[in-house]
Structure formats: C-alpha cells, structure tokens
Amino acid sequence: MLIVHVHVHVKPDAIEGFRAATLDNARHSIEEPGVVRFDVVQQEDDPARFVLVEIYRTPEDPARHKATEHYARWRDAVEPMMAEPRRSVKYRAAFPEAAQWEIAR
C-alpha cells in the first residue's frame, strides 16, 4: 500500500472553486480499482490550505490515477488556483493493517 499526502495552498479567492473541483475529483477517484481511500481535508485555521490523503493498493496505481479523465480535468482546473506549487510526501502504512484502511462502499 502507498499513502500519498498532497499539500495544497490555494489563493484566498479560489478556496470554494478549488474545494468543488477537488471534491468532484475525489468522488471519481474512489471508484478507481487501485484507490483504497481518497480523503480531502481543509486546514481549520487557514482554509486556503488542504491536504489530499490518497491511499493506493500498489505503487503503480498513482500513475493509473493520473491517466484518468477526472484527474486531468482537476489538474487543469486547479492549477491557476494555486498560491504555490503543490507538493507530495509518500508514506507506507505502519498501523492499522492494510484491510482496515478500506472504506465500506
């Protein structure tokens, strides 16, 4: 399992547009067979900051995700909304066990 945290800082006037585009992307992403979870969290004390928590079954699944139409639509829509380039950090799960990360659908 591969866990990716994508840190995003958007322009203050783009918060709602970014949020809407990102929720649309997340709803489509969780339908992908290689995606275990796709969580969107917004910073409480600075609503212009988001973290996307993307959990993939295999190391190859992020590339499959980036090849989807919904990812391309999201990427193109949110790029001008960014206050700075997004950055990602990759993790591996230590706890809980992989099956416990699954969301019942």
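**Exercise 1. In what sense do strand β1 and β3 pair, and over how many bridges?**

Solution. The model is predicted: local features need pLDDT of at least 70, side-chain atom pairs count only at pLDDT 80 or more, and totals for chains, interfaces and linings use all residues. Residues are numbered from 1 along each chain as its sequence is written, and side-chain values use heavy atoms, with hydrogens and water left out.

Step 1. Fix the terms. Helices (H or I, at least four residues) and strands (E, at least two) are DSSP runs numbered from the N terminus. Two strands pair if DSSP finds at least two bridges between them.

Step 2. Read the pairing. Strand β1, residues 2-9, is antiparallel to β3, and eight bridges connect them. Within this pairing, V6 stands opposite L52 in β3.

**Exercise 2. Describe the order of the helices and strands along the chain.**

Solution. Step 1. Count the elements: the chain contains three helices and four strands.

Step 2. Put them in order. Along the sequence the pattern is β-α-β-β-α-α-β. Helix α1 covers residues 15-29, helix α3 covers residues 69-78, and β4 covers 87-91.

**Exercise 3. Trace the other strand pairings.**

Solution. Step 1. Begin with strand β2, residues 35-42, which runs antiparallel to β3 and is joined to it by seven bridges. The connection from β2 to β3 is a hairpin of six residues.

Step 2. Locate facing residues. V35 is opposite Y56 in β3, and F38 is opposite E54 in β3.

Step 3. Turn to β4. It pairs with β1 in the antiparallel sense over five bridges, and V89 in β4 is the bridge partner of H5.

**Exercise 4. How many residues of strand β3 are buried?**

Solution. Step 1. Apply the cut-offs: buried means under 20% relative accessible area, exposed means over 50%, and partly exposed lies in between (1.4 Å probe, protein chains only).

Step 2. Examine β3, residues 49-56. Seven of its eight residues are buried, so the strand is largely enclosed by the rest of the structure.

Step 3. Examine β1, which is mostly covered, with six of its eight residues buried.

Step 4. Set these strands beside the whole chain, where 37% of the 105 residues count as buried.

**Exercise 5. Is N25 buried or exposed, and which residues does N25 touch?**

Solution. Step 1. Place the residue: N25 lies in helix α1.

Step 2. Check the accessibility. N25 has a relative accessibility of 1% and therefore counts as buried.

Step 3. List the contacts, where contact means heavy atoms within 4.5 Å. Leaving aside residues up to four places away in sequence, N25 touches F38, H65, H70, Y71 and W74.

**Exercise 6. Characterise two arginines of helix α3.**

Solution. Step 1. Take R73, which is in helix α3. Its relative accessibility is 38%, so R73 counts as partly exposed.

Step 2. Find its partners. Apart from residues up to four places away in sequence, R73 touches D24 and H28. The C-alpha atoms of R73 and A21 are separated by 8.6 Å, although these residues are 52 residues apart along the chain.

Step 3. Take R75, also in helix α3. With a relative accessible area of 30%, R75 is partly exposed. Its C-alpha atom is separated by 15 Å from that of K11, 64 residues apart along the chain.

**Exercise 7. Which peptide bond is described as cis?**

Solution. Step 1. The bond runs from F95 to P96, and its omega is near 0 degrees.

Step 2. P96 belongs to the segment after β4.

**Exercise 8. Assess the overall dimensions and charge of the chain.**

Solution. Step 1. Compare the radius of gyration, taken over C-alpha atoms, with the globule rule of 2.2 Å times the number of residues to the power 0.38. A compact globule of 105 residues would have a radius of gyration near 13 Å, and the 14 Å of the chain agrees with this.

Step 2. Add the extent: the C-alpha trace spans about 40 × 30 × 25 Å along its principal axes.

Step 3. Count the charges, with Lys and Arg positive, Asp and Glu negative, and His and the chain ends not counted. Each charge is placed at NZ of Lys, CZ of Arg, CG of Asp or CD of Glu. There are 15 positive and 18 negative side chains, and the centres of the two sets are 3 Å apart.
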